[in-house]
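Work through the exercises below with the structure in view, and try each task before reading its solution.

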Amino acid sequence: MQKNKAITKIIAVMLLTLFAFAFLPQTSAGPQVGGQIIVGLVAEPKVLDSTTGQWNTGFIAAQIFESLLNTDPQLNYIPSLATSWKILNNEGAYEFKLRSGVTWHDGKPFTADDVKFSFENILSKYDIFSAAYFKDVKVEIINSTGVKIKPVQFLPGIQMRLFASLDAAIVPKHILEGQNFETSAFRTNPIGTGPFVFKEWVKGSYIVLERNTKYWDSPKPYLEKVIVRFVTDPTTMLSSLETGDVNYVFRGLAYEMAARLGTNPNLKVIAHNLPPYKMVLQINTNRTILNNPLVRQAISYALNRNDLTQKATLGLCKPTTRILMPIIPESPNLPKYTFNLTKANQLLDQAGYPVGQDGKRFKIELLTRTGEAEEAAIADLVKDHLSKVGIEVVLKKVDFGTMLDLEAKYQFDFVLLKRWVETMWSYQLFHSSWIRPGVQFSNTMLYRNPQVDQLLDAWRAEPDPSKQVQILQQIETILLTDLPEIPLYDLVWLNVKSANIKGPDIPVGRYVFWDSLANTYIFEETTTPTTTTITTTATTSTTVTTTTATTTTTATTATTTTATTVTTTTTQPGSQDNTLMIAGLIVVVIVVGAAAFLLTKRKK
């Protein structure tokens, strides 16, 4: 009798254990290597190194290249190609201990010579930021894993930020030594130390990056492949997300698409305020008419920023008349440009541009780019707003690369663009020493003010953060009086990704959009395939069918000249979890069964 009771208890324990296991959630065991993602990019780059400062180039370069340091999601400095660092205030230098065992994508070892060559021969001469802050820098090789970097001007607040960015990306000496960097094939066929290896570039269509199987931070990266598709049309980008032909977009979607995309169970929509950008109008201050500050002030008063943000961003973005980042306290003397047509007309009359018989004062051309959905809407609204004070605006729409070239050649009246508002960029945007014909991301507004130059120099050299803020407040007050740039609103970025994409890298935005996807992985829940039907709000209905648990996705890339089909196969960690759970059940049954056997035998 006692024996039967014991056996009954053991069987009950076994059944309860099985029952408990049956209802455990099927969670992922963690990131697994496998799968790929297709990133939609609204503008194709011209080169793949990060020296140009272009946002689209930088995203791809971030997968290929690395710097001495990096930042975590909270923007704290963390090791990368260097494992530790010291700021030598007394020497005006920085000391880095380099990581051992790192190799370039061609198998050659990464060395201290690469660091010295990069800073002295490439970054200090060609990079859009490092050329300013590491000019004539000297690098001392201490030993095989140690370097000391000594800039001419010691500016830790700016230079540490650069060390942790791709504006200080390390490049291979054994490939670039003796070459003309600007014309080298390396810029379109790059070799780095980063998590992904450049594989293929089909111009006008896509770029393929493959997993670096010898990456120093193994088992990262988790993705086998990253494909970057160039999709300039927002409507095409929308449909590509819905069909799975694109898995992630961080720039270029119209804000009104958010509601529709948010109803798709296979997608996740994220509104993100990083990187910090403003929508602005930059003015060629050398142009007749626009060289008058009164005209620029009139334009600013004539723009209804609330109307702009409501109609173009559905109110997601915040109107602003400030030039600097919102985190910098506002000066009490800061000029305000609230919407005021009466004031705008008065200033235009005062500037000597009366209304003609045709109701117009003058005509100017607004340069804008294709591929940015809300910029097209903003351009139309700016044209409409300024027409109310007699200014005729002619729109000129070009691709991103052409727009940058026209700016650098000063072939524009005023231009609509999104601008990164990192404080260190203000130096080269507004300092007269950065008026450099043909150089992109420089002072293309041709703005000159000796007082601003002096204050910018003082800010750059000031070590005290509180005094830096005071200087910046003075600079902003002057800039908002002169108005070489007219701010419109602070941006919120619409990120959309496939729901099965996991990891802390997305949304990108720690430094411009230059974030690596080394921590990104694919996670597929194991579920019964279901079909979701989405009907567009267009005049003719379009039905898109998606399957939530497929292992293979076919993505078709189409351009005006070529059509490329890419087949994507992704792993399913969820399936692996099921296997682990079944194995666990078997182990439990064996253990409990053995215990029952021993107990009954002892009873005998």
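**Exercise 1.** Describe the contact between Arg251 and Glu372, and state where each residue lies.

*Solution.* Arg251 forms a salt bridge with Glu372, that is, a side-chain nitrogen of Lys or Arg lies within 4 Å of a carboxyl oxygen of Asp or Glu, and here the closest N and O atoms are 2.7 Å apart. Next, find the positions: Arg251 belongs to the loop between strand S11 (248–249) and helix H8 (257–262), while Glu372 belongs to the loop between strand S15 (362–369) and helix H12 (373–387), so the pair ties together parts 121 residues apart in sequence. Helices (H or I, at least four residues) and strands (E, at least two) are DSSP runs, numbered from the N terminus. Finally, salt bridges that share partners join Arg251, Arg369, Glu372, Glu374, Glu375 and Lys418 into one network.

The model is predicted, with local features needing pLDDT of at least 70 and side-chain atom pairs pLDDT 80 or more, whereas totals for chains, interfaces and linings use all residues. Residues are numbered from 1 along each chain as its sequence is written, and side-chain values use heavy atoms, leaving out hydrogens and water.

**Exercise 2.** Decide whether Glu91 and Lys148, which meet in a salt bridge, are buried, partly exposed or exposed.

*Solution.* Begin with the cut-offs: buried means under 20% relative accessible area, exposed over 50%, and partly exposed in between (1.4 Å probe, protein chains only). Glu91 has a relative accessible area of 40%, and is therefore partly exposed, whereas Lys148, at 16% relative accessibility, counts as buried.
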